[in-house]
Each structure stands twice: as structure tokens, then as C-alpha cells.
Amino acid sequence: MQGKQDTLEVYTPEFFLNPETLYVQLRASRPVCRVRLLNGTEGWWITHYEDVKAALKDSRLTKNPHSVLPASELEGIDADVRHLYSLITSHMLFSDPPNHTRLRSLVSKAFTPALIEQWHDRIQSITDALLDAVQPRGTMEVIHDFAFPLPITVISEMLGVVQEDREQFKAWSQVLVGNTSTLHALLPVISEAKAFLNYLFALIEQKRESPADDLISRLVQAEEAGDQLSADELVSMIFLLIIAGHETTTNFIGNAVLALLQHPDQMRALQEDPTLLQGAIEELLRYDTPVFSTTNRWAREDLEIGGQQIRRGELVLLQLASTNHDEQIFQDADTLDLRRQANQHLSFGKGIHYCLGAPLARLEGQIAISTLLRRMPNLRLAVDPHTLTRRPAILIHALEKLPVAF
Ligand code: HEM
């Protein structure tokens, strides 16, 4: 078993631009690697498919930050900041069973493939309206004009949030995504977190007074029923659904469009044969997954992953994007092949935290990509690909902008 390792500085501008260059080196030489995080603390990156798959199902790794928070981290922290932290970390993605099981079961019914399919026509009409708006121009910026408004509109309608607030949501969630699972990471974004939570409190009160046929109203009723959902958990759940429900899919659509534009033969194949669509979405999810790393997990006890000892309390980040290019699992892993068979990518995770929104993300992806290719058959990049930039985010592989012409 290996003991101590040097710490690697991984979050560099080159990494954000092209993570695979580093992943390929790490899979070959240090598949379990000690890394420095953006806030200066340290953790472990896991890059091999089989190690990550096993870790996703390993109950010795906890998702609950409160169970590992060292007492020293709370020293000097104001009580209202501690309460804020507790509020935004009381959701299913930061919980272990039995709390996780209870929280997930309260919303899981709304996200089954059958119920999500009922949103098909609505998603199609939102997609068409977005493309109607840009069609006469002959150009668009895919992220701003299409990939962002589509999923935020859908999740807002499911939850019962008014449309006018969505640009504000974007600003809040871009700052907060990936910055809330440790108290340390939250401190620089306290004012955004407070503003977002105040907005959610007001929204919950409004749904309490005039309930409607939406998810927030149903969750408010569950909270009022008493023993299923506390007031803090209610806010936290809505916070999670809003952030997870759009940031991820926006970047999936952006990355997928770019991958197709860079592989014109594959794009043409999909335009000519729409029956490829389902498999194509899985391959695009594998090829440039929007959530390149899982959220935090911590070792509950000393354990070993891939021959490396990990100490109790240490942070573990599973590099999903790396697993999707692991040559031991995927033949010609760096090739985009929309006809790929047996595509067991890990882009939605695995185990009990497997993405709740996967059926919704898949449906949005299918409608977005197929409609775009059908209505804009001559789609092409409007800038030199070398000028495209990525956001320096630690979980999300996100294009800043994607200008296209058609
Ligand atoms: C292509 C788009 C998406 C991708 C790639 C994605 C990816 C993921 C991943 C990897 C996880 C597990 C994280 C971990 O284990 O640390 C996750 C969890 C989750 N996702 Fe998604 N997601 C997407 C879209 C959505 C959408 C549209 C929703 C809608 C509500 C959503 C809601 C959630 C929730 C609630 C969880 C937590 C599940 C749990 O803890 O049991 N996701 N997602």
C-alpha cells in the first residue's frame, strides 16, 4: 500500500481548457493522486473507471460534511454564517442514509422517466420558441441564447418559479455551484448565498399562502405534514433542485454542440439518421461530460483505494470525465462515435446518489440537439475554435461562450 504523496497543483488554466491531457497522465502514473484544491486545502483525485465506480457505491465514504467538519473550522465563524451553511447543506446530495433515503423519496416520483415524458411537448415548444427568436439573425451565442434558457425555463416551471427571475438565478448559481460543500469554500460567496436563500424563503411563503400545481407547493405541504421534511431541509431541497437542474444541462448542451461541430462527419450522420439520437446523447455525455468531478466525499474511516491509503476525514473527488476516457473500458476512448455500443459512462454517477434528474437531462438533450440540427442544418462555428474559453469551475466543464452561424 502507498503512503504519503507529493501534492499536485491540478487546477491550472490548461486543465480547465482541456482536462483530458492531465487525466491521461494521471491514469497512467498516479490514478489516486493527492491534489491541492482552489481554497488551498488538499484532497484525493481518483481517475480510473473501476476505482471510481467502486467508490461511488462505497458507504465508507460519507457525503455529509457535518460528520467530518473539524471543530477548528467553526472557530471564529459567526452563528448566522454557520446557520446559512447548515441551511444549504441539508439536501440529499450532502446526506447519507437514512436521511438521504427520506429526502430523495419525497421528490423521486416527480423525476421518473414516465412523468418526465409528460413534459415532452412543453420542452419542445420552449426549444422552438428559443430558436424562432434567433433564426432570422442567422447567428447565436449557444450558451446565452439556447443552452441556458432551455433548462432554467423547464426547472422553473416544474418548481413553480416565475420566469423573470432566471437571469438572477444564473448569476447566483454560477457563483454557488461547487462552492457550498465546505464552510471554507462558502465564506467568499456569503452575500450571494444569503440573497438566494432570502429569495427562496419569500417564494416558500408565497406558495404557502397560495399553493399551485407545482413541486414547491407539494414540498411545502410535505413540510407542513410534520415528520417528513424540516423547514431547513425544504429550503435546501429547492436550492439543490434549482442549481442541479440547470447548470449541468446548460453545459451538456454547450459541450454537445461543440463536439458535433468539431466532428462534422458525426454531425452529418445524426442529421441523416435520427434513429441514432438516443445513443448519440449517451456518447455526447461520455465524450465531454459537463460534470467532470463528483461533489465532495470524505473517508469515514482509514481505507484504501487503488492501493493508496486514504486517512479518515480526508476529502475524495471522483473524476467522472477521466473515467469516461479510460482506455481499459472504452475502445478508442478519445474518438466521438455516435454509434458506440455498450456505453457504460459514469456521467450521472452511480449508486444511491445517481443523478435524480437523468431522465429530464436526457429528454432535454435529445430535444435540444435534434431540433437544432433539423432547423439549422448548416450549423457552424462562428469563431476560431482556439479562441473558445472555459470557466475555471471545479465541478463543471463549462464553455464561457459558443458563437455559431447557420
Ligand atoms: C446532463 C445533465 C446532468 C448531469 C451530467 C448530472 C450529473 C449528476 C451527477 C454526476 C450526480 C452525482 C454527484 C455525486 O455523486 O457527487 C448528480 C446528482 C444529482 N442530480 Fe444531476 N446531472 C444532470 C442534470 C440534472 C437535472 C436536470 C436535475 C434536475 C433536478 C438534476 C438533479 C440532481 C440531483 C437532485 C442529484 C442528487 C441525487 C442524490 O443525491 O441522490 N441533475 N447529477
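Is D332 buried or exposed? At 56% relative accessibility, D332 counts as exposed, because the threshold for that class is over 50%. The tour returns to this residue after a view of the whole chain. The model shown is a predicted one.

**The whole chain**

Display the full chain as a cartoon. Nineteen is the count to look for among the helices, since the chain has 19 helices and eleven strands. Switch to the C-alpha trace and orient the view along the principal axes: the trace spans about 60 × 60 × 35 Å. The radius of gyration is 21 Å, which agrees with the value near 22 Å for a compact globule of 406 residues.

Next, colour by relative accessibility. Buried residues account for 55% of the 406 residues. A surface representation shows an exposed area of about 17500 Å², with carbon and sulfur atoms supplying 52% of it. If contacts are drawn for pairs with a separation of 6 or more, 73% of them join residues 24 or more positions apart. Finally, select the charged side chains: the chain has 37 positive and 52 negative charges, and the mean positions of the two groups are 2 Å apart.

**The iron atom and the loop between α18 and α19**

Select the ligand and centre on its iron atom. Which residue of the protein supplies a donor to the iron? The single protein donor is C355, through its SG atom, at 2.3 Å. C355 is placed in the loop between α18 (320–323) and α19 (358–375).

Keep that loop in view and select I329, which also belongs to the loop between α18 and α19. I329 is partly exposed, with a relative accessible area of 32%. Beyond residues up to four places away in sequence, I329 touches Y49 and E50. A distance drawn from the C-alpha atom of I329 to that of N343 reads 9.4 Å, for a pair 14 residues apart along the chain.

Now go back to D332, which is placed in the loop between α18 and α19. Its phi is near 45°, a positive value in a residue other than glycine. Then select A342, which lies in the loop between α18 and α19. For A342, phi is near 45°, again positive in a residue other than glycine. A342 is exposed, with a relative accessible area of 68%.

**A cis peptide bond before α6**

Move to P97 and P98 and show the backbone atoms. A cis peptide bond joins these two residues, with omega about 5°. P98 lies in the loop between α5 (79–88) and α6 (99–108).

**Helix α10 and the loop after it**

Select residues 149–159, the extent of α10. How many of the residues of α10 are buried? Ten of its eleven residues are buried, so the helix is mostly covered under the cut-off of under 20% relative accessible area. Among the buried residues are P149, I152, V154, I155 and M158. Step past the end of the helix to G160, which follows α10 and has a positive phi, near 95°.

Continue to Q163, in the loop between α10 and α11 (166–176). Q163 is partly exposed, with a relative accessible area of 26%. Apart from its neighbours within four places in sequence, Q163 is in contact with T153, S156 and E157. Of these contact partners, T153 and S156 are among the buried residues of α10. The C-alpha atoms of Q163 and P149 are 9.8 Å apart in space, and the two residues are 14 apart in sequence.

**The loop between β7 and β8**

Select G306, which lies in the loop between β7 (303–305) and β8 (308–310). G306 touches V32 and D51, with residues up to four places away in sequence left out. For a long view across the model, draw the C-alpha distance from G306 to D132: it is 51 Å, for residues 174 apart along the chain.

**L261 in helix α15**

The last stop is L261, found in helix α15 (residues 231–261). L261 is buried, with a relative accessible area of 14%. Show its contacts: leaving aside neighbours within four places in sequence, they are M267, L379, R380, L381 and V404. Lastly, select Q5 together with L261; their C-alpha atoms are separated by 41 Å, and the residues are 256 apart along the chain.

Notes. Residues numbered from 1 in each chain as written. Predicted model: local features only at pLDDT ≥ 70, side-chain atom pairs only at ≥ 80, totals over all residues. Heavy atoms only, no water. Helix = DSSP H or I, 4+ residues; strand = E, 2+ residues; numbered from the N terminus. Rg over C-alpha atoms; globule rule 2.2 N^0.38 Å. Buried < 20%, exposed > 50% of the residue type's maximum accessible area, 1.4 Å probe, protein only. Contact = heavy atoms within 4.5 Å. Areas by Shrake-Rupley, 256 points an atom, 1.4 Å probe, with all protein chains shown as cover. Lys, Arg positive; Asp, Glu negative; His and termini not counted. Charge placed at Lys NZ, Arg CZ, Asp CG, Glu CD. Donors = N, O, S within 2.8 Å, 3.2 Å for Na, K, Ca; no water.
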